[in-house]
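Work through the exercises below with the model open. Try each task before reading its solution.

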Amino acid sequence: MDIEFLKPSDRLRVMDLVESTGIDVSDWANFKGGVEKAASNPKYCYEWSYEDHSKQVIVLNLWYENLSVQDGEIVQKLNLRDIAKNAASSPQSRRATKMDFSLQKAARLNWLVRVIICDGGRRDSNATKSSADRRLLDGEKWYVKSYTDSGDCVLVRGEPTELFIDQFSIEGVPAGEAKKRESMTSVYERSPQVRSYILKRSGGFCEWCGQEGFKTLSGSVYLETHHIQPLSDNGSDTVDNVVALCPNHHREAHFGESAVQFRKELAERVEKLNKSIQPTNNASAD
Ligand SMILES: [Zn+2]
Ligand SMILES: [Zn+2]
């Protein structure tokens, strides 16, 4: 696969590229240089990554020379924690750490990833500063394919195939089943964003027993999303009220002899889980 088409040829400004992703750049003008010099505001223009919490988007600067092709996909492998540790200067270290946090949000919370590809400039490992002189904003979305405990990250260009699915994502069920499923669920709207958030939160593991969901034929991991306080009982369709369970525990939540106690404990569990992923636990549920 040829990646030449991603080689930047124009001298574009970071601020303009960031702005065209929809991120608000009005604060760039908020320094002594004013609007005229906004694009060279040192608080922003040397950063490696940008993010917008309300839009749940991150923008990453990636070097063209570090792109590679793997299994037919354009990827970039990086470990920002290592870079932060070995950085030549503390601003570099801070920028790397910031980018690492952004990558974690993309990995765990499914934030949209946009990429500015940089080229040119002068870069060697001892330089305190490296600056690109050519850039382009990739029109394609990227996503974090994997992010390990030690910070090894694989970014992939394109859209992910679904990693996790639940009972509402299953296709090709026998007609009779589908009908029954429809009549069971059609009364209450379930937000796909909430389900997707919960599955992502679970990482593919039952949020009650910790057992990993099974792999389906499509390669996705299967768990079931469950409303702790039922929708039919005025329960809300929000991330505070939905949990990912293995099929066994899902049935138990509904039909187990201690369903009432189970419900209470599930609510506590979910509260803890949401707290543990602060500051983004207020991620939109609707
Ligand atoms: Zn379970
Ligand atoms: Zn349920």
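This is a predicted model.

**Exercise 1. Find the protein donors of the zinc ion (ligand 2) and place them in the fold.**

Step 1. The protein donors are H226 (ND1), H250 (NE2) and H254 (NE2), and they lie 2.1 Å from the zinc ion (ligand 2).

Step 2. Read the spacing along the sequence: H-x23-H-x3-H.

Step 3. Now locate two of these donors. H226 belongs to strand β12 (residues 224–227), while H250 belongs to helix α6 (residues 247–255), so the pair ties together parts 24 residues apart in sequence.

Step 4. Check accessibility. H226 and H250 are both buried.

**Exercise 2. Determine the geometry around the zinc ion (ligand 1).**

Step 1. List the ligating atoms. C206 (SG), C209 (SG), C246 (SG) and H249 (ND1) coordinate the zinc ion (ligand 1) at 2.0 to 2.4 Å.

Step 2. Take the angles. The four donor atoms subtend 95 to 128 degrees around the zinc ion (ligand 1).

Step 3. Apply the cut-off. Four donors count as tetrahedral if all angles lie between 85 and 135 degrees. The arrangement around the zinc ion (ligand 1) is therefore tetrahedral.

Step 4. Add the sequence pattern. Its donors are spaced C-x2-C-x36-C-x2-H along the chain. C206 sits in the loop between α5 (192–202) and β10 (214–215), and H249 sits in helix α6, so this pair ties together parts 43 residues apart in sequence.

Step 5. Classify both residues. Buried means under 20% relative accessible area. C206 has 4% and counts as buried. H249 has 14% and is buried.

**Exercise 3. Q56 and D71 are not glycines, yet each has a positive phi. Locate both, and decide for each whether it is exposed or partly exposed.**

Step 1. Start with Q56. Its phi is about 55 degrees. Q56 lies in the loop between β1 (49–52) and β2 (57–63).

Step 2. The relative accessible area of Q56 is 24%, so Q56 is partly exposed.

Step 3. Turn to D71. Its phi is near 50 degrees. D71 lies in the loop between β3 (68–70) and β4 (73–78).

Step 4. Relative accessibility of D71 is 73%, so D71 counts as exposed.

**Exercise 4. Describe the pairing of β7 with β8 and the hairpin they form.**

Step 1. Strand β7 (residues 142–147) and strand β8 (residues 153–157) run antiparallel, joined by five bridges.

Step 2. Fix the register with one pair: V154 in β8 stands opposite S146.

Step 3. Inspect the turn. Five residues lie between the strands of this hairpin, and G151 takes a positive phi near 95 degrees.

Terms used: Residues numbered from 1 in each chain as written. Chains lettered and ligands numbered in written order. Predicted model: local features only at pLDDT ≥ 70, side-chain atom pairs only at ≥ 80, totals over all residues. Heavy atoms only, no water. Pairing = 2+ DSSP bridges. Helix = DSSP H or I, 4+ residues; strand = E, 2+ residues; numbered from the N terminus. Donors = N, O, S within 2.8 Å, 3.2 Å for Na, K, Ca; no water. Buried < 20%, exposed > 50% of the residue type's maximum accessible area, 1.4 Å probe, protein only. Tetrahedral: all angles 85-135°; square planar, octahedral: opposite > 155°, others 65-115°.
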